[in-house]
Amino acid sequence: MTSFAKLEFQLRVLCVKVVAFALAFAFLHATTHAQSLTPVQLEQLRVRANQALFIDSPLPLLSAHTYAKLPVNDNVRIEHVTFATQYGLRVPAIVYVPTHPRGKVPAIVVVCGHGGDKSSWYAVYTGMLYATAGAVVVTYDPAGEFERSVTRASEAGEHDKPIPGLTHAERVGGLMIEDAQQAVRYAASRPEVDATRIAVLGYSMGSFHAILATALAGPQLPKIRAVLLSGGGNLDGAEQYWDTGHAVNCQAAPYHALDFFPGGGDARGPVLYALRARSGPTLALNGTEDSLITKFNELEPFFVDLRNRITAITGSRTNLPETFWYDQVGHRPSFMTREAAIWLNRQLHFPNWPDAQINAFPTIKAVDWVTQTGVRISRGYQVEKKEGGILALDLHLPGLTREQLTAVPEADWQKDPTLYTLPGWIPHALAAESTASASVQSKHP
């Protein structure tokens, strides 16, 4: 071996030792800041977290209603559906269904990000793509968007607006988390769906709601087989991203409501993932230049530490959150990429797609597809580094119009918009707060 080769070898050994030391230090740091919890204690925390977010227990009856069924192509149809959520409100949804299901099929629920709804290009594309694979896909409007907006607009952001008289802003986040749980229950209730093969996909704000909805899922929900997050998954500590963001109602307030976890604000992420791990695996697909992920340097070292802290809580390394990083990529929903499809197939076993077929599909840039079809993409997100640069599996999928993506006939919606929108929810939430306040005062006059 030459002197140069020996030096190179020694440097490699040194690098390995440094990495090993860093990981060992991270594990030691994690275990000294994480409390071991028994399954009973974890369940008690789950119940208390649902109470802190005002999530119904039991969850409301679904009372699902189908308005229409429309063909998309030879392989997929869409269904216009609503199902119930808190206080009798209705959630408008578009459900993508394989035209020729092969036995019991898997199901996927898409939880949208800020400004997103069931008319967003990524919800439409994901729905058609995985219905072609043989799965039922449920997409729905978050509170305050599209059919749940008083103006029926997209990117309305109504759930972010302060609500006069509402003391507990976390109620809004609790509503949105409950919506996601109800969407899972709806998917599981369909006769063609195998309730042991359900995945939840969450983007950005939706990644936060998805992980909480699945971590806090109680006995009314099936065990959720897989969770796929994009533009998120970094459930960080006190005074970091999820605590300090501008989105108070839907993110910061509900996250603060969980400060009671043993270990305080820094323990919320590990405890939530420990709860999630009881049901199945989670994968986070993120970009190395996503400001949401990198604001507090939350790249792979953050997730290494997170895994170690989860292990310190549960004593197990089963179902720890996995990661995949897209180099020099920003904030985007990567649900329709090859990496996402392969991972989902491993968990759900799509009836129509073996891995070899997934690997053989060509790809198309998201910006090219939305340009061809006119399907809505959020303002500023058509750029290469964000959503526009996503390489989606290309099955020559058609676009869908806004009319096709409207679940409730407008005449029916106009009869009583409060069935769908926040103005219909707010009086109930305020009444619940008033009742709770009166109860406290009667106990402590």
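**A nine-stranded sheet, a helix across it, and ring pairs**

In this structure, Y96 has a bridge partner in β5, namely V137. The model is a predicted one. That pairing belongs to a longer match: strand β3 (residues 90–98) and strand β5 (residues 136–140) run antiparallel to each other and share 4 bridges.

Zooming out, these strands are part of an open sheet of 9 strands with mixed pairing. Read across the sheet, the order is β1-β2-β3-β5-β4-β6-β7-β8-β9. At the edges sit β1 (65–71) and β9 (322–326), each of which pairs on one side only. On average, neighbouring strands of the sheet are turned by 20° against each other, with direction ignored.

The β1 end of the sheet is worth a walk-through. β1 and β2 make a hairpin with 4 residues between them, and 6 bridges hold this antiparallel pair together. Within the pair, H65 stands opposite T82 of β2. Next along, β2 and β3 are also antiparallel, this time over 9 bridges, and E79 has V95 in β3 as its bridge partner. The hairpin of β2 and β3 has 5 residues between the strands, and Y87 in this hairpin takes a positive phi near 55°. As for burial, 8 of the 9 residues of β2 are buried, so β2 is largely enclosed by the rest of the structure.

What lies across these strands? Helix α3 (residues 121–132) lies across β2 (76–84), β3, β4 (105–111), β5 and β6 (193–203). Its direction makes an angle of about 40° with β3.

Aromatic rings turn up around this helix too. A pair of aromatic rings is described by the distance of the centres and the angle of the planes. The whole structure holds 17 aromatic pairs. In one of them, Y125 and W369, the ring centres are 4.8 Å apart and the planes stand at 85°, which makes the pair edge-to-face because planes over 60 degrees apart count that way. Y125 belongs to helix α3 and W369 to helix α13 (residues 366–373), so this pair ties together parts that are 244 residues apart in sequence. Y125 has 1% relative accessibility and counts as buried; W369 is buried as well, with a relative accessible area of 2%.

Another pair, Y130 and F350, is stacked, with 5.4 Å from centre to centre and 20° between the planes. Here Y130 lies in helix α3, while F350 lies in the loop between α11 (338–348) and α12 (355–360), so the link spans parts 220 residues apart in sequence. Both Y130 and F350 are buried. Ring pairs also join W121, Y122, Y125, Y203 and W369 into a cluster.

Charges meet rings in this model as well. The charged end of R268 sits over the ring of Y255, 3.8 Å from the ring centre. R402 lies over the face of F146, and there the distance to the ring centre is 3.9 Å.

Finally, the nonpolar cores. In soluble globular proteins, nonpolar side chains tend to be buried together. The largest nonpolar core here has 64 residues, and those touching the most other members are L53, V109, Y140, L212, L235, V271 and L272. Which residues does L212 contact, leaving aside its neighbours within four places in sequence? They are L53, I177, L258 and L272. Apart from this core lies another one, of 59 residues, which includes I342, I377, L393 and L397.

How values were computed. Residues numbered from 1 in each chain as written. Predicted model: local features only at pLDDT ≥ 70, side-chain atom pairs only at ≥ 80, totals over all residues. Heavy atoms only, no water. Pairing = 2+ DSSP bridges. Helix = DSSP H or I, 4+ residues; strand = E, 2+ residues; numbered from the N terminus. Axes fitted to C-alpha atoms, helices over the stretch in contact; angles between N-to-C directions. Contact = heavy atoms within 4.5 Å. Phe/Tyr/Trp six-rings, centres within 6.5 Å; stacked < 30°, edge-to-face > 60°. Buried < 20%, exposed > 50% of the residue type's maximum accessible area, 1.4 Å probe, protein only. Lys NZ or Arg CZ within 6 Å of the ring centre and 35° of its normal. Core = buried A, V, L, I, M, F, W, Y, C linked by side-chain atoms within 4.5 Å.
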